[in-house]
Amino acid sequence: MIYMDYFYIGIDDTDSPDGMCTTFLASTILNEFRDNGIKIIGHPRLIRLNPFARFKTRGNGGVSFKLSMDQNIALAKEIVLKYVSELSMFDCDNTNPGVVFYQGQITEEMIDYAFKAIYSIITIEEAEEFANHIGAEIHKFKKGRGIIGSIAAISCPLEDYTYELLAYRHPSRYGTKRNIDYDSVVEMDKETYPETFENIDGKYLAIEPKTPCPVLYGIRSNSPEVLETARDIVIPNEEIVDSCIFKTNQHTDMHIQNANSISELKQYSCYKIKGFVKDKPHIIEGGHMFFTLYDGSGEIECGAYEPTKNFRKTVAKLRAGDEIELYGGIGEQNTFNIEKFQVINLNEFIYRNPICECGKRMTSAGKGKGFKCKSCGKRVDSDEKIAEKVERSLINGKFYETPVSARRHLAKPLIRMNLE
């Protein structure tokens, strides 16, 4: 078997709150590639990293391109560095771009690095050391934090993947209210779902970002062909200056690690974990809902935050003794942020004092003294309460997920989980 070397380009950390985003920069670079006869292999890739990283950009994603060695590599490098220098908004504190050029094969240690960037935290110093180790060429702008995601965007394997079509606005519209025909999005969803997904949630247009970035809309799909159909249906009521389809790890649960016990969980990482509900979920000021999950190794506070809206009503139906499996991550407050959960085994019984022969509920006669009836005076010697089955609206084995409006980029929606 002949193994060919390829040339990889990774770019990250160019986002700013004022209008620049990494994908728009990538799309601009690809247009310049085409004008100069440079062809990439396959689709550009958009790789989302750890959603709980402390210094993340908005979507915490890097992009990468793959080229064969017969392309004009020198010109490709020149174009990339030119546009990163010109389009990145360096006056923003969080804009610290990094560019990585790598020639060769993607090795196992590079794959391990990518998963570390998705699962945990990598420092700039660690990334630079690793880049030197694999023989990659790095370019740091300002702090150069982007080299962390650039290496991961090159290295990340995509066994499960989705595609996203991103359409970009005219710069004069940045920061203004987006203008997309609502009915056309409804029609697009009707015609293309479930191959496209997370398009709309009631009156909420999920394809529309809520930040002042260059993206007018983003449509997510299992195949690039369906995205072309979707593009033709959606009616933008403002100018689209460019668009690009990315192959991505979005909506794959790639960030979720399997944990065997609560004691294994670490801050700023994401897991699925089984345990038992310790207490009735309660809501605090601000609308956030919390309960405690426990197992034989320990316990952790779990939260369904106000932006999850009606999902909190589902969480409120949990009760002590329910066994569930949670998916989510641990943030700055060391609380497990719930993305979805599966009911493993519901606690369908409550234990109550026995009912007297006269029909009244008995009360405790004291510790070790059984029960007594205040109405007729009858006593029973046993301290054992009676199990009564209760109706539960939650269903054993069923998954429940946050609404589209509150879902993270990497969270796999139930529509992609082949649950039938």
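Here are some notes on this predicted model, going from the whole chain down to a few residues.

1. **The chain overall.** Start with the big picture: there are eight helices and 24 strands in the chain. Taken along the principal axes, the C-alpha atoms fill a box of roughly 95 × 50 × 45 Å. Of the 420 residues, 53% are buried.

2. **Contacts across the sequence.** Take the contacts in the chain that have a separation of 6 or more: 69% of them come from residues 24 or more positions apart. Some of the salt bridges below also link parts that are distant in sequence, such as Glu 198 and Arg 407, 209 residues apart.

3. **Two helices that cross.** Have a look at helix α1 (residues 22-35) and helix α2 (residues 73-87), whose axes come within 10 Å and cross at roughly 140°. That angle makes α1 oblique to α2, since only angles over 145 degrees would count as roughly antiparallel. As for its hand, the crossing of α1 and α2 is right-handed.

4. **What sits between those helices?** On the α1 side, the contact is made by Leu 25, Thr 28, Ile 29, Glu 32 and Phe 33. From α2 come Ala 76, Ile 79, Val 80, Tyr 83, Val 84 and Leu 87. Sorted by type, the residues of this contact are nine nonpolar, one polar and one charged.

5. **Salt bridges, and one between two loops.** The count of salt bridges comes to 19. In one of them, the side chains of Glu 238 and Arg 173 meet, at 3.3 Å from N to O. Glu 238 is in the loop between α7 (224-233) and β11 (240-248), while Arg 173 is in the loop between β6 (162-169) and α6 (182-192), so this pair ties together parts 65 residues apart in sequence. Are the two partners buried or partly exposed? Glu 238 counts as buried, at 10% relative accessibility, whereas Arg 173 is partly exposed, with a relative accessible area of 27%.

6. **Arg 407 and Glu 198.** Arg 407 is worth finding in the viewer. Its salt bridge with Glu 198 has the closest N and O atoms 2.7 Å apart. Glu 198 is in the loop between β7 (196-197) and β8 (200-201), and Arg 407 is in the segment after β24 (399-401), so to speak of a link between distant parts of the chain is fair: the two are 209 residues apart. Both residues are buried, and for Arg 407 the relative accessibility is 16%.

7. **Arg 407 and Glu 401.** Arg 407 also forms a salt bridge with Glu 401, where the closest N and O atoms are 3.5 Å apart. Glu 401 is partly exposed, with a relative accessible area of 25%. Elsewhere, Asp 160, Lys 412 and Arg 416 are joined into one network by salt bridges that share partners.

8. **Thr 402.** Which residues does Thr 402 touch, not counting residues up to four places away in sequence? They are Thr 308, Phe 311, Ile 338, Glu 339 and Arg 407, the last of which was met above as a salt-bridge partner of Glu 198. Thr 402 is found in the segment after β24, and at 3% relative accessibility Thr 402 counts as buried.

Terms used. Residues are numbered from 1 along each chain as its sequence is written. This is a predicted model: local features need pLDDT of at least 70, side-chain atom pairs count only at pLDDT 80 or more; totals for chains, interfaces and linings use all residues. Side-chain values use heavy atoms; hydrogens and water are left out. Axes are lines fitted to C-alpha atoms, for helices over the stretch in contact, and angles run from 0 to 180 degrees between N-to-C directions. Helices (H or I, at least four residues) and strands (E, at least two) are DSSP runs, numbered from the N terminus. Angles under 35 degrees count as roughly parallel, over 145 as roughly antiparallel, 65 to 115 as roughly perpendicular and the rest as oblique. A crossing is left-handed if the near helix is turned anticlockwise from the far one by less than a right angle, and right-handed if clockwise. Contact means heavy atoms within 4.5 Å. Ala, Val, Leu, Ile, Met, Phe, Trp, Tyr, Cys and Pro count as nonpolar, Asp, Glu, Lys and Arg as charged, and the others, Gly among them, as polar. A salt bridge is a side-chain nitrogen of Lys or Arg within 4 Å of a carboxyl oxygen of Asp or Glu. Buried means under 20% relative accessible area, exposed over 50%, partly exposed in between (1.4 Å probe, protein chains only).
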